[in-house]
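Let's take a look at what sits inside this fold. Have the sequence and the structure open side by side as you read.

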Amino acid sequence: MTRACAALGARAVVAHGGGLTADEVASLPGDPLVRAFWPQTRILPRCSAAILHGGFNTVLDSLAAGVPIVAVPLAFEQPATAARLNRIGAACVVSPAEAGRGGLETALKRVLGYPRYRHAAQTLAGEIAAADDLTATAALVLAALRADDAIAPATRTRSGSPPRVASGVGLR
């Protein structure tokens with residue numbers, strides 16, 4: 001992530017959750033701002049884009065701030081969330097394998113270079129801001145994400161094995 005940001009002249013803000021040593025932090029490319037944790041609801045409104053794994057809390061915080069997303073889904077609901085974010089135009093999705101081969105730089109360049117990503121995120125931000133409470137906000141975002149009828153849960157084949165789908169999400 002820091003390499004992709006540095007290549008595009010963007011300064012990365014990294015929250016590593018305690019997973020990096022001081023030596024690892026010092027070896028990161030570019031001039032990133034690195035901490036174990038950041039108050040993301042205060043940081044995200046100052047960001048041009050968010051690179052994240054697609055966990056729903058960070059997705060919701062990013063969208064509430066009107067920040068477009070580069071999603072690298074890793075597990076659980078993240079591939080489905082990322083696919084829906086891509087479908088509504090608020091994110092560009094990169095697989096972990098693609099991310100390791102320079103895909104983050106390409107995706108970040110796309111999200112920063114095409115205003116449609118920011119517009120989609122800001123549209124959702126406006127709707128989130130207009131919601132009365134957190135429950136209504138979550139329901140609004142979920143409804144937008146579920147509006148994509150091209151995405152369905154993966155089903156088993158006749159042999160009983162799951163279908164072969166690269167993203168981990170069964171597409172009709």
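Here is a short tour of the core, one buried serine and a helix beside them.

Keep in mind that this is a predicted model. The largest nonpolar core has 23 residues, and Val 59, Leu 63, Ile 69, Leu 85 and Val 141 touch the most other members. Several elements chip in with at least two residues each: β3, α4, β4, α5, α7 and α8. Of these, α7 gives the most, with four residues. There's also another core, apart from this one, made up of 15 residues, including Ala 12, Val 70, Val 94 and Leu 108. As a general point, nonpolar side chains in soluble globular proteins tend to be buried together.

Now for a polar residue: is Ser 62 buried or exposed? Ser 62 counts as buried because its relative accessibility is 0%, under the 20% cut-off. This serine is part of helix α4.

Ser 62 and Ile 69 touch each other, and here are their partners beyond four places in sequence.

| Residue | Contacts beyond four places in sequence |
|---|---|
| Ile 69 | Ala 50, Leu 52, Val 59, Ser 62, Leu 63, Leu 85, Ala 90, Ala 91, Cys 92, Val 111 |
| Ser 62 | Leu 44, Ala 50, Leu 52, Val 67, Ile 69 |

On to α5, where Gln 78, Pro 79, Thr 81, Ala 82, Arg 84 and Leu 85 are buried. What do the buried residues of α5 pack against? They pack against α4, β4, β5 and α8. Just after α5 comes Gly 89, which takes a positive phi of about 90°.

Methods:
Residues numbered from 1 in each chain as written. Predicted model: local features only at pLDDT ≥ 70, side-chain atom pairs only at ≥ 80, totals over all residues. Heavy atoms only, no water. Core = buried A, V, L, I, M, F, W, Y, C linked by side-chain atoms within 4.5 Å. Buried < 20%, exposed > 50% of the residue type's maximum accessible area, 1.4 Å probe, protein only. Contact = heavy atoms within 4.5 Å.
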